[in-house]
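User: I'm new to reading protein structures. Could you walk me through one, starting with how to read a sheet?

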Amino acid sequence: MLLHKQVENAKIMANEKNIKMQAEFAEDVIPTINADEAMIARVITNLFDNAIRDTNSGGELRNRLLTRDKDILVQVQDMGIGIPSDRLPFIFDTFFRVSMDQNGSGLDLLIAKSIVEAHSGTIWTESALGKGSTFSFTLPK
């Protein structure tokens, strides 16, 4: 399954930073979705990369795959720096970065949003400054 493969890849990077990863999967039912696997892998990889970058050594990441009535829910939760509430509405905007100290183009989350929405899904984030962020997206079954 795609998420399992992405989790295994992310574990390698997380281990390098001494970050523990916990996964929760709905094993009883493996959902079938109509999606471009490479594009969804890109979304998941981006969310893991950001979570690992923003979590300090000794921290923890949690990821979930839950099946629901009409869709699946994927979540990546970190114990990182968090996003200030006044910046949260702009997180998926072009060239947005939480801090100017961050590396990157500020396009990865915009690309992730475009991919998820092209698959008729929804993506969002919840965050608390100093406590971390949870990025979630749904895809229809």
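Analyst: Sure, and keep in mind that this is a predicted model. The general idea: strands in a sheet pair through backbone hydrogen bonds, either parallel or antiparallel. Here, five strands make an open sheet with mixed pairing, in the order β1-β2-β3-β5-β4. At the edges sit β1 (20–25) and β4 (122–128), each pairing on one side only. On average, neighbouring strands of this sheet are turned by 10 degrees against each other, direction ignored.

User: In which sense do β1 and β2 pair?

Analyst: They run in the parallel sense, with six bridges between β1 and β2 (residues 60–67). Have a look at Q22: it stands opposite R62 in β2.

User: Does R62 do anything else I should look for? Which residue shares a salt bridge with R62?

Analyst: Generally, side chains of opposite charge can pair when their charged atoms come close. In this case R62 pairs with E60, their closest N and O atoms being 2.9 Å apart. R62 is partly exposed at 35% relative accessible area, while E60 has 13%, so it counts as buried. A search of the whole structure gives seven salt bridges.

User: And helices? Where does α2 lie?

Analyst: Helix α2 lies across β1, β2, β3 (71–77) and β5 (132–140), and runs at about 170 degrees to β5. You can check its length too: at 1.5 Å a residue, the 18 residues of α2 (37–54) should span 26 Å, and the end C-alpha atoms are indeed 26 Å apart. At the N-terminal end, D36 caps α2, with a side-chain oxygen 3.0 Å from the backbone nitrogen of A38. Buried residues of α2 include I40, V43, L47 and F48.

Terms used
Residues numbered from 1 in each chain as written. Predicted model: local features only at pLDDT ≥ 70, side-chain atom pairs only at ≥ 80, totals over all residues. Heavy atoms only, no water. Helix = DSSP H or I, 4+ residues; strand = E, 2+ residues; numbered from the N terminus. Expected span 1.5 Å × (residues − 1). Buried < 20%, exposed > 50% of the residue type's maximum accessible area, 1.4 Å probe, protein only. Polar contact = N/O pair within 3.5 Å; in protein donor to acceptor, adjacent residues only side chain to side chain. Pairing = 2+ DSSP bridges. Axes fitted to C-alpha atoms, helices over the stretch in contact; angles between N-to-C directions. Contact = heavy atoms within 4.5 Å. Salt bridge = Lys/Arg side-chain N within 4 Å of Asp/Glu carboxyl O.
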